[in-house]
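Student: Could you walk me through this model and show me how each label is earned?
Tutor: Gladly; let's look at it together.
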Amino acid sequence: ISLRESQMLVAQEMHAVLSSIPNKSASLTLMHRAMEAYVSVKGEKKLHDPLAACCAIDESIGEFREVR
């Protein structure tokens with residue numbers, strides 16, 4: 001499956017689902033704020049990195065490291 005085929009549109013409905021997640025991680029809070037600003041203007045956004053989104057929701061499934 002290509003990256004293009006794996007992309008999905010995150011519409012305002014998906015934004016509402018993310019809003020309902022309690023105790024958001026710092027990364028999910030940042031992603032949510034950015035999506036809120038973008039979606040309020042455009043109405044939808046392509047999600048190009050589903051793994052990053054999953055890690056933002058549940059940090060225990062990945063490991064975060066600072067890179068240069």
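Tutor: We start with a definition: helices are DSSP runs of H or I with at least four residues, strands are runs of E with at least two, and both are numbered from the N terminus. Keep in mind that this is a predicted model.

Student: With that in hand, what is the order of the elements along the protein chain?
Tutor: From the N terminus on, they run α-β-α-α-β-α, which comes to four helices and two strands.

Student: Where is Ser 25 found in that layout?
Tutor: Ser 25 sits in the loop between helix H2 (12-19) and helix H3 (26-42).

Student: Why is Ser 25 called buried?
Tutor: Its relative accessible area is 13%, and buried means under 20%. The value falls below the cut-off, so Ser 25 is buried. Across the 68 residues of the protein chain, 16% count as buried.

Student: What makes the link between Ser 25 and Leu 28 a polar contact?
Tutor: The side chain of Ser 25 reaches the backbone nitrogen of Leu 28 at 3.1 Å, and the limit for such a pair of N or O atoms is 3.5 Å. The distance is therefore within the limit.

Student: Which residues is Ser 25 in contact with, leaving aside its neighbours within four places in sequence?
Tutor: Those are Ala 56 and Glu 59.

Student: Why are H3 and H4 called oblique to each other?
Tutor: Two packed helices are described by the angle between their axes and the distance between the axes. For H3 and helix H4 (residues 50-57), the angle is about 125 degrees and the axes are 7 Å apart. Roughly perpendicular covers 65 to 115 degrees, and roughly antiparallel begins over 145. The angle of about 125 degrees belongs to neither class, nor is it under 35 degrees as roughly parallel would require, so the pair is oblique.

Student: Which residues meet where H3 packs with H4?
Tutor: Ser 27, Leu 28 and Met 31 in H3 meet Ala 53, Cys 55, Ala 56 and Ile 57 in H4. The residues of this contact divide into six nonpolar, one polar and no charged.

Student: And how do you know that Gly 62 counts as partly exposed?
Tutor: Gly 62, in the segment after H4, has a relative accessibility of 29%. Buried would need under 20% and exposed over 50%, so Gly 62 lands in between, as partly exposed.

Student: How far apart are Gly 62 and Leu 51?
Tutor: They are 11 residues apart in sequence and 8.9 Å apart in space, C-alpha to C-alpha.

Conventions. Residues numbered from 1 in each chain as written. Predicted model: local features only at pLDDT ≥ 70, side-chain atom pairs only at ≥ 80, totals over all residues. Heavy atoms only, no water. Buried < 20%, exposed > 50% of the residue type's maximum accessible area, 1.4 Å probe, protein only. Polar contact = N/O pair within 3.5 Å; in protein donor to acceptor, adjacent residues only side chain to side chain. Contact = heavy atoms within 4.5 Å. Axes fitted to C-alpha atoms, helices over the stretch in contact; angles between N-to-C directions. Nonpolar A, V, L, I, M, F, W, Y, C, P; charged D, E, K, R; others polar.
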